[in-house]
Amino acid sequence: MQRNTRQRAAILETLSRQDDFRSAQQIHEQMKSAGETVGLATVYRNLQALARSGRLDLLVAGDGESLYRQCEDTGHHHHLVCRECGRTVEFLAPKLESAMTAIAHDHGFTDVDHTLEVFGLCEDCASAAEDAGDADEPAANDDEDPAR
C-alpha cells in the first residue's frame, strides 16, 4: 500500500496534463516551473513506485532512459508511440495476447508477462514529413536542358 504524499499527488497532477511519455527530469522541470518544491530523487522514487503499482506506464527508450505517463487504461494494454512528437495511443490486442500465450506455452513458459510498444509516425507527423519532403524537391522545369 502506497502512502499518498503531497509530492506523489503533485507528480500525478503534472502527468495528468501530459499525453506523451516524459522523463523524470522533464517531469521535475515541469513541477519546478509550476512552483512545486520537490527534489529530483523524490520524483524518481515516486515515479518508480507508481509504475510498479500500475498507476503509470513505463517505457524504456532506445537510449535506456525510463519514460513515464499516466495510464488511461488500468488493465493490460499496449502503446502506439509517435517517434516524432511522442503522441501515444493505448490499445488492446486480444488476438495478440492469445498468440503470445500459446507461443510461451509451446516453449514451456508459464506465468508470462510482456510489454509492447509500436513506434511509428502519427498521422499529423507523417503529413508534415510528406509536406516537408515535397518542399525539398526542386520544381520541374521543362525549359531547362539537363545537358547544360
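**Briefing: helix packing and burial in a predicted model**

Helix 1 (residues 6-16) packs on helix 3 (residues 40-52) with the two axes 10 Å apart and an angle of about 75° between them. That angle makes helix 1 roughly perpendicular to helix 3. The model is predicted. The chain has 148 residues, of which 30% are buried, and its secondary structure comes to five helices and six strands.

**Overall layout**

- Along the sequence, the elements follow the pattern α-β-α-α-β-β-β-β-α-β-α.
- Among contacts in the chain with a separation of 6 or more, 51% are between residues 24 or more positions apart.

**Helix 1 against helix 3**

- On the helix 1 side, the contact is made by Gln 7, Arg 8, Ile 11, Leu 12 and Leu 15.
- On the helix 3 side, Thr 42, Val 43, Asn 46, Leu 47, Ala 49 and Leu 50 meet them.
- The residues of this contact between helix 1 and helix 3 are seven nonpolar, three polar and one charged.
- Arg 8 of helix 1 takes part in the contact, and its C-alpha atom is separated by 9.7 Å from that of Arg 45, 37 residues apart along the chain.
- Arg 45 belongs to helix 3 and has a relative accessible area of 52%, so Arg 45 is exposed.

**Helix 1 against helix 2**

- Helix 1 also packs on helix 2: their axes come within 10 Å and cross at roughly 100°.
- This crossing makes helix 1 roughly perpendicular to helix 2.
- Helix 1 contributes Gln 7, Ala 10, Ile 11, Thr 14 and Leu 15 to the contact, and helix 2 contributes Ile 27, Gln 30 and Met 31.
- Five of the residues in the contact of helix 1 with helix 2 are nonpolar, three are polar and none is charged.

**The nonpolar core**

- The largest nonpolar core contains 14 residues, and those with the most contacts inside it are Ile 11, Ile 27, Met 31, Val 43, Leu 47 and Leu 56.
- At least two residues of this core come from each of helix 1, helix 2 (24-33) and helix 3.
- In soluble globular proteins, nonpolar side chains tend to be buried together.
- Setting aside residues up to four places away in sequence, Ile 27 touches Thr 14, Leu 15, Arg 22, Val 43, Leu 47 and Tyr 68.

**His 28**

- His 28 sits in helix 2 and, at 10% relative accessibility, counts as buried.
- Beyond its neighbours within four places in sequence, His 28 is in contact with Val 38, Gly 39, Leu 40 and Val 43.

**Helix 3 and helix 4**

- In helix 3, the buried residues are Thr 42, Val 43, Asn 46, Leu 47, Ala 49, Leu 50 and Ala 51.
- These buried residues of helix 3 pack against helix 1, helix 2, strand 2 (56-60) and strand 3 (66-70).
- The 13 residues of helix 3 should span 18 Å at 1.5 Å a residue, and the end C-alpha atoms of helix 3 are 18 Å apart, which agrees.
- Helix 4 (residues 94-106) also has 13 residues, with an expected span of 18 Å at 1.5 Å a residue; its end C-alpha atoms are 18 Å apart, in agreement.
- The number of buried residues in helix 4 is one of 13, so helix 4 lies largely in the open.

**Positive phi angles**

- Gly 54, just after helix 3, has a positive phi of about 90°.
- Gly 108, just after helix 4, has a positive phi of about 80°.
- Asp 111 is not a glycine, yet it has a positive phi of about 50°.
- Asp 111 lies in the loop between helix 4 and strand 6 (117-120) and is exposed, with a relative accessible area of 79%.

**Cys 71**

- Cys 71 lies in the loop between strand 3 and strand 4 (78-82).
- Its relative accessibility is 17%, so Cys 71 counts as buried, the cut-off being under 20%.
- Leaving out neighbours within four places in sequence, the contacts of Cys 71 are Gly 54, Arg 55, Leu 56, Asp 57, His 77 and Glu 90.
- The C-alpha atoms of Cys 71 and Asp 19 are 9.8 Å apart, while the two residues are 52 residues apart in sequence.

Conventions: Residues are numbered from 1 along each chain as its sequence is written. This is a predicted model: local features need pLDDT of at least 70, side-chain atom pairs count only at pLDDT 80 or more; totals for chains, interfaces and linings use all residues. Side-chain values use heavy atoms; hydrogens and water are left out. Axes are lines fitted to C-alpha atoms, for helices over the stretch in contact, and angles run from 0 to 180 degrees between N-to-C directions. Helices (H or I, at least four residues) and strands (E, at least two) are DSSP runs, numbered from the N terminus. Angles under 35 degrees count as roughly parallel, over 145 as roughly antiparallel, 65 to 115 as roughly perpendicular and the rest as oblique. Contact means heavy atoms within 4.5 Å. Ala, Val, Leu, Ile, Met, Phe, Trp, Tyr, Cys and Pro count as nonpolar, Asp, Glu, Lys and Arg as charged, and the others, Gly among them, as polar. A nonpolar core is a set of buried Ala, Val, Leu, Ile, Met, Phe, Trp, Tyr and Cys residues joined through side-chain atoms within 4.5 Å. Buried means under 20% relative accessible area, exposed over 50%, partly exposed in between (1.4 Å probe, protein chains only). The expected span of a helix is 1.5 Å times one less than its number of residues.
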